[in-house]
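Let us walk through this structure step by step, moving from its overall make-up to a buried position and then to its surface.

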Amino acid sequence: MAAAGGIDITLLVNLLTIFMIAAGVGILVANVGRFPYTIALLLAGFGASVLGVTMEHIELSHDLILLVLLPPLLFEGAATTDLEQLRRNLLPILAMAVVGLVISIVVLGVAGTYVLGFPLLLSFLFAAMVLPTDPVSVLALFEELGAPDRLAVLVEGESLVNDGVGVVLFSSLLAYVVGGRGADALFSQAGLGALVVEVTVVSLGGLLVGVAAGALVYNVMVSLDEHMTEIILTIILAYGSFVVAEHYLHVSGVIATVVSGLFIGNRGAAYAMSPQTKISIFNTWETGAFIVNTFIFLMIGVKTPIGDLVANVDLIAIAIGLVLVARAVAVYPLTWLVNRVQEPRVTTDYQHVILWGGLHASIPIALVLGLPPDTPQRGTLQALVFGVAAFSLVVQGLSMSTLLNRLGIVRRSEAEELFELLVGRARAVDEALVAAERLHDRGDIAASVYEDFTAEYEREKADLNHCISTLLAEHPTLRQEQLLTGERRLLQREKSAIMDAMRDGVVSEDVGERLLDETDLKLDRVREGESTVEADEEAFEEFWRARAREFGLEPERDSSSAGEQQA
């Protein structure tokens, strides 16, 4: 049925039904507590499917997932990832997301030929299709339980990278399968060489597109202070980087969107967004990702071919076991190797969580739905991918809380929670004081009212500062963590200021490079856990001090005796 304007009313009703179900699930989850919302949606979708609710006018297609639903999920996940934490954990992330994914595909591909009965190429295609991970449900549970930040970065970082690599490998293997070329063509020296070159070019191309698109939008946002327009710019960036990379340049759209999100979410947030803009942009993307996840997980449940799953239950059970084994073969040996060359180590407990938290959902389902109709054993492949996805989301997702508890991966300490509470309130008070001053300057509030507001907030600010100082004094470890975090952020601002001075011609190239080298040296010390700040003396003597003394210039407070640690 269509209205006069041509809008399909049935489609609108189906969408409304989806969000009514989602609202009911949300209310239930809010009352139950500590139950992943996305998994509850999936179960609700299964129930709707069993009851015959089909949503006929909404097709969960390959294009809908990859072109409409995936970019905002990738962009939001990347934009909210701390680039510094990602950099510090880059080696284990790349090891698991690139080398580990290839190892897992090889293991599952070879095993699938013997156990699942697939031809070798088709078995490799299944492996590349099913192994990319989706940590949405796990990360939501991490946040609720207060799991360590590093663990969350490892899980999310692996997913962001292996999604891109997995899609590229899948596309290359699909061309062999659909093109009718045999396994000999792929596994020859020329075939493997061509595959490596293609994956490298497509991946690096996506990275370059993401950097270029992110830099372009960043340069516009630097000179702009209009949060609604900047929200639109980030939406254009998320979808535009994906479309340009994937459909015009034929490189990885997934990697392009991830890189552009990292760029804007870190450098853009630090230097191109006002406080109001940050709040608006991140709230918008959080809401958008929530809506997309609501739709996609519920629709996965509704569209899961229950009959096909039942008919292939034996193969699905075998496939689930093979997927877990293939992932374990990559996770444990690679993290063992990484631990031999880098600190801090990825503990065995973390490795167990990384293995079990590698859920397989939206990307595998999008890929299997995009298989051409003439793909060999297409129906069986769809049943296997949906079956693995259902198991990983329901069984692995629901058991994650139990696993974290049994492994003793505890939540934040009470002191850390209190610190976060105090700092969060302090930021709110600071913003309120700024807003009150702005209202007073515009004449929106009377002077006496402004004075009352200011007095109240200043008293609260003083109380908060006292509590924060006392808490840090009583917990030296917490204070050291905050000192290093703050120092790292300040040093990054220093680098940005020096680079701006070099671009503006205020500082010559050779002097600027010397200053940047010194700042990098400080950053290296901070990353190793050594602060360059002391309360009563200079813990690091900057080279300008020595140069100033050569000219007979002495600061009022001579700190030369404090440190011989000249850069």
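How many helices and how many strands does the protein have? The model, which is a predicted one, has 23 helices and 0 strands. Of its 567 residues, 47% count as buried, and the protein exposes about 27300 Å², of which carbon and sulfur atoms supply 61%. The contacts add to this picture: among those between residues at least 6 apart in sequence, 77% join residues that are at least 24 apart.

A single position can illustrate the interior. Gln396 lies in helix α18, which covers residues 378–407, and this glutamine counts as buried because its relative accessibility is 3%, where the cut-off for buried is under 20%. If residues up to four places away in sequence are left aside, Gln396 touches Leu324, Leu355, Trp356, Gly358, Leu359 and Phe391.

From here we turn to the surface, beginning with its nonpolar side chains. Which residues make the nonpolar surface patch of about 750 Å²? Val102, Val106, Val110, Tyr114, Val115, Leu120, Phe187, Leu192 and Ile318 make this patch, and helix α5, spanning residues 90–115, contributes the largest share of it with 5 residues. Another member, Leu192, has its place in helix α10, which runs over residues 189–222. With a relative accessible area of 38%, Leu192 is partly exposed, and it can therefore be counted in a patch, since patches are made of residues with over 30% relative accessible area and no salt bridge.

The charged patches come next. On the surface, Glu509, Asp510, Glu513 and Asp517 gather in a patch of negative charge. Glu509 lies in helix α22, which comprises residues 509–527. Is Glu509 buried or exposed? Its relative accessible area is 53%, so Glu509 is exposed, the cut-off for this class being over 50%.

A patch of positive charge is formed on the surface by Lys278, Arg427, Arg489 and Arg493. Of these residues, Arg489 lies in helix α21, made up of residues 476–503. Arg489 counts as partly exposed because its relative accessibility is 48%, a value that falls in the class between buried and exposed.

Taken together, the positions followed here include Gln396, which is buried at 3% relative accessibility, Leu192, partly exposed at 38%, Arg489, partly exposed at 48%, and Glu509, exposed at 53%.

Notes. Residues are numbered from 1 along each chain as its sequence is written. This is a predicted model: local features need pLDDT of at least 70, side-chain atom pairs count only at pLDDT 80 or more; totals for chains, interfaces and linings use all residues. Side-chain values use heavy atoms; hydrogens and water are left out. Patches are made of residues with over 30% relative accessible area and no salt bridge: like charges are joined within 9 Å, nonpolar side chains (Val, Leu, Ile, Met, Phe, Trp, Tyr) within 5 Å. Accessible areas come from the Shrake-Rupley method with a 1.4 Å probe; for residues, only the protein chains shown count as cover. A salt bridge is a side-chain nitrogen of Lys or Arg within 4 Å of a carboxyl oxygen of Asp or Glu. Lys and Arg count as positive and Asp and Glu as negative; His and the chain ends are not counted. The place of a charge is taken as NZ of Lys, CZ of Arg, CG of Asp or CD of Glu. Helices (H or I, at least four residues) and strands (E, at least two) are DSSP runs, numbered from the N terminus. Buried means under 20% relative accessible area, exposed over 50%, partly exposed in between (1.4 Å probe, protein chains only). Contact means heavy atoms within 4.5 Å.
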